[in-house]
Amino acid sequence: MTAGGRRVTVFAKSTAVSATPVRPGKTYPLSSLDHLMGRHTLHLVFYYRPGPTLDRDGLKESLSEVLSHYPAVTGRLNRGEDGGWIVKCNDAGVRLLDARASVTLEEWLGSASAEEEMELAYWEPMGDDPSIWSPYYIQITEFEDKAFAIGLSCTHMHADPTCATLLVRAWADSHRRACIAYAPFLHPSSATFRFSDLAVKSLLADLQPEASPFSALAALFWSRIARAAGVPPGPGDLTLVVDIRKRMHAPLPHGFYGNALHFSRARADLAARVARVADELGRHVAGLQEEEIWAAAEWAHDRRQRGEEAFQMYGPELTCFALDHVMAYGAAFEEGEGGRPAHVSCRVGGAEGEGLVVVLPAAEEGAARTVMVTLPEEVAKAICRDDAILRYGPTVMFVGRG
Amino acid sequence: MPAAPLPEFSSSVKLKYVKLGYQYLVNNFLTFLLVPFMAAVAVELVRLGPAEIIALWRSLHLDVVEILCMAFLIVFVSTVYFMSRPRPVYLVDYACFKPPNTCRVPFATFMEHTRLINSDPKSVRFQTRILERSGLGEETCLPPANHYIPPNPTMEASRAEAQLVIFSAIDDLIKKTGLKPKDIDILVVNCSLFSPTPSLSAMIVNKYRLRSNIRSFNLSGMGCSAGLLSIDLARDLLQVHPNSNALVISTEIMTPNFYSGSQRAMLLSNCLFRMGAAAILLSNRPREAQRAKYRLVHVVRIHKGADDRAYRCIYEEEDAEGYSGISLSKDLMAIAGEALKSNITTIGPLVLPVSEQLLFFFTLVGRKLINPKWKPYIPDFKLAFEHFCIHAGGRAVIDELQKNLQLSPEHVEASRMTLHRFGNTSSSSLWYELNYIESKGRMRRGDRVWQIGFGSGFKCNSAVWKCIRTIKTPIDGPWADCINRYPVHIPEVVKL
């Protein structure tokens, strides 16, 4: 570090606006809790190693996309009649700072002081006129080795660390989707594994007897797929799709016709034993709150109001679908045992990315399950030969493209 | 004392039918004359009978030499006639630049930047008032360099904007038409305010590896009406060079032209001008007639620069503090009206049906000889054209033209909506407006379009196109994702 020299230079200030205009006239007053935090500010810094899709222009584009979903972030604070603060969603945008650091990310992480880190999250306190002052400041700093640091500063009245982090996560998701959407999904292959009642019971005995067949199978397949795909062991994300008909306070009837699915992201440490993963998944599924479900429904409604197209729901990361409560085998066309279906398959069109795992009921009653996987060709081949799965003696069917 | 309403109404209805009858009679006069004549000849022939006709022919005593001379004369005259006709110029297709969403300039952001950069309260109030009444929407775009606080108008940024807008438009055009860069024989680029060396046309030749014997032209400094000037130049070149393609690029580069001072006359352009570009492919190749969209019928150019007031009405200069900008004089609308009158007087005889021309002529003669107090007759251009593309220079321009030409709101809808969605994109605005009409599915085969452009000089140029194939929706273009939201109601004043 050169004596007295600054390693971070902010070279441009601009305003980032949302990709779609905000409907005019929306305002909302800040709550008492928000006002309480008036003296405080929030500063978050996210560090990212260099990556093929990480560049300044791409980040700015995905930021604009994400800001379309957060009209409050691009608004301005005004004084209301009672002297309290009101956020006026006037589509003004957030301040964006472009900066450069003259060291590599590793050097920085090894040697930067707290004061220096504050230089990565630019902040300007409110001046005389709050209506032209941006409550959010986002700084994109590029390191020597093309690593990036995203700094977010905002007034604590506006946001707490959770929702500020959610904003950055949404930004990251938007950036990833924008990039992954163009990544080719090479030769998807699928395979069906039919686990008998005894097989599933022995799996449960190995892992955790209290786990549900779904979480046990999901955990098993997730860890094996991650290993086959070459994902380094460590915390991983899985998109879980569950049916919400019976999870609401006012439950929907089983016969409810329409989409009643909830997509959520479950985390677990894939380096741990499969039993732990199953435990995590089980807890995630059981712990789904009704508020989350309603929030997702509202988000979908808003999207529709804006006339946006359907979202890529299944993908790009590995998605696991819990369908084992569906009474598919009750669809009998004839009387007696012979009328029940011999097998039921379920595929989702338009799924992309790392793959889809669907857990369905099987013809045999009890704990038997059918697991259908759609994966990139290499990974699918590896899974079909995977020992940890074949131990339980599933019948492997419908292997191939499609 | 005003007349009672009922008689007025019935008399106006009668007048409408009289007018219609008059128009049919005068416009199809020759047909009316010809029909009885042909009937008389047919009756005579039938009366004579075939034998008598043959006898008549024999009595002419024509021998082989005379017949051959007559045939040769007919062939010679028709060859001279066909060779001396001007080559038809076809508009094969065109593409407009669609700005990325990250370049959007909402009103709130624009006003915030203005206040942060130049805090003179009078200028701020002035610009707020202008923006409120401008007729622009919240989706107009400025280039990235203008989003910085303060704006960053380097030459590199200007070139970057030029590359972004021009290359996007050309790439779109190539995708739509399958044009091969080596097939471009003529290249005309017009960009008024940014003129680097090497020129923008050289930049295009370099990027697309165009042929070394290309005929390239770069028009700069010619204002917002330069788009039609380029079309005129391309047309003249296509008369001289047979079997050729001409690529015309119309654009205006915003980056170097942000005015940072506080002169009101110069702040207007900051509020209204936005980023845009259009690439047009013209051709005189006969086989392009099968897939071309339009045929160029007339181009009329009027230059009022000989008048000092008109010359100084849009003037680029430095203000007292040394900031350079484009000053718009208060006489602008009056001068535009006069230029338009000249243009109409020139184009009228070329496009109006005979009925309207006669009425205009008789009213003119009457005013001169009988009674100067007669109201001048304004010909009804709605009889000559189905679609109007009026340069979206500003709300006042469109209002003025709507009044002068007595156009309905539907006729000026394309101009108003382009102003709302894209702002004043200078010379390329006419192409965005044409694209609007096509996107709405209103363009049918046989429709005539009138494009009117105004610009510094003071110039008023117009072009007349005839649509040669019905254009089916949906079409790909800058309106593709938002055409269903339009037309929108644009309030007189948007409260900021």
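Where in chain B is the place of B:Pro474? B:Pro474 sits in the segment after E11 of chain B. I'll come back to that residue. First, the overall picture.

This is a predicted model. Please keep that in mind throughout. I'll take chain B, then chain A, then some backbone details.

Chain B, then. Its secondary structure comes to 16 helices and 11 strands. Put a box around its C-alpha atoms, along the principal axes, and you get roughly 95 × 75 × 45 Å. The chain has 496 residues, and 48% of them are buried. Now the contacts. Take those between residues at least 6 apart in sequence: 81% of them join residues at least 24 apart.

Next, the surface of chain B. The accessible area is about 25100 Å². Carbon and sulfur atoms hold 62% of that. On charge, chain B carries 57 positive and 43 negative charges. The mean positions of those two sets lie 3 Å apart.

Now the annotations. These come from an unreviewed UniProt entry. It marks residues 20-43 and 64-83 of chain B as "transmembrane region". What does the model show there? Over residues 20-43 the chain is 96% helix and 0% strand. The end C-alpha atoms of that stretch are 32 Å apart. Residues 64-83 of chain B come out as 100% helix and 0% strand. Here the end C-alpha atoms are 28 Å apart.

There is a third stretch. The unreviewed UniProt entry places a domain, "Beta-ketoacyl-[acyl-carrier-protein] synthase III C-terminal", on residues 386-466 of chain B. In the model, residues 386-466 are 38% helix and 25% strand. The end C-alpha atoms of this domain stretch are 10 Å apart.

On to cysteines. How many disulfides does the structure hold over all chains? Zero. Take B:Cys224 as a case. Why is its sulfur not bonded to the closest cysteine sulfur? That closest sulfur belongs to B:Cys313 and is 11 Å away, so it is too far for a bond. A disulfide would need the two sulfur atoms within 2.5 Å. B:Cys224 is buried, at 17% relative accessible area. B:Cys69 is partly exposed, at 47%. B:Cys69 also falls inside the annotated stretch 64-83.

Now chain A. This one has 11 helices and 15 strands. Of its 402 residues, 45% are buried. For contacts with a separation of 6 or more, residues 24 or more positions apart account for 75%. The accessible surface is about 20600 Å², with 55% belonging to carbon and sulfur atoms.

Two residues in chain A deserve a look. Start with A:Ser14. Which strand holds it? Strand E1, residues 8-16. A:Ser14 is buried, at 4% relative accessibility. Set aside its neighbours within four places in sequence, and A:Ser14 touches residues in chain A and in chain B. From chain A, those are A:Val94, A:Arg95 and A:Leu96. From chain B, they are B:His147, B:Tyr148 and B:Ile149.

Then A:Arg76. Is this residue buried or exposed? Buried, with a relative accessible area of 1%. A:Arg76 belongs to strand E4, residues 76-79. A:Ile86 is 10 residues away along the chain, and the two C-alpha atoms are 8.3 Å apart.

Last topic: backbone geometry. Cis peptides come up in chain B. One runs from B:Gly457 to B:Phe458, with omega near 0°. B:Phe458 lies in the loop between strand E10 (448-455) and strand E11 (459-467). Another joins B:Thr473 and B:Pro474, with omega about -5°. That brings back the residue I opened with, in the segment after E11.

Positive phi next, in residues other than glycine. For A:Asp91, phi is near 70°. A:Asp91 is in the loop between strand E5 (85-88) and strand E6 (94-101) of chain A. It is a loop residue, yet it counts as buried, at 2% relative accessibility. For B:Ser426, phi is near 60°. B:Ser426 lies in the loop between helix H15 (413-422) and helix H16 (429-439) of chain B. B:Ser426 counts as buried too, at 1% relative accessibility.

That's the tour. Over to you.

How values were computed:
Residues are numbered from 1 along each chain as its sequence is written. Chains are lettered from A and ligands numbered from 1 in the order in which they are written. This is a predicted model: local features need pLDDT of at least 70, side-chain atom pairs count only at pLDDT 80 or more; totals for chains, interfaces and linings use all residues. Side-chain values use heavy atoms; hydrogens and water are left out. Helices (H or I, at least four residues) and strands (E, at least two) are DSSP runs, numbered from the N terminus. Buried means under 20% relative accessible area, exposed over 50%, partly exposed in between (1.4 Å probe, protein chains only). Contact means heavy atoms within 4.5 Å. Accessible areas come from the Shrake-Rupley method with a 1.4 Å probe; for residues, only the protein chains shown count as cover. Lys and Arg count as positive and Asp and Glu as negative; His and the chain ends are not counted. The place of a charge is taken as NZ of Lys, CZ of Arg, CG of Asp or CD of Glu. UniProt positions are given in the numbering used here, feature names are shortened, and annotations may be inferred rather than shown by experiment.
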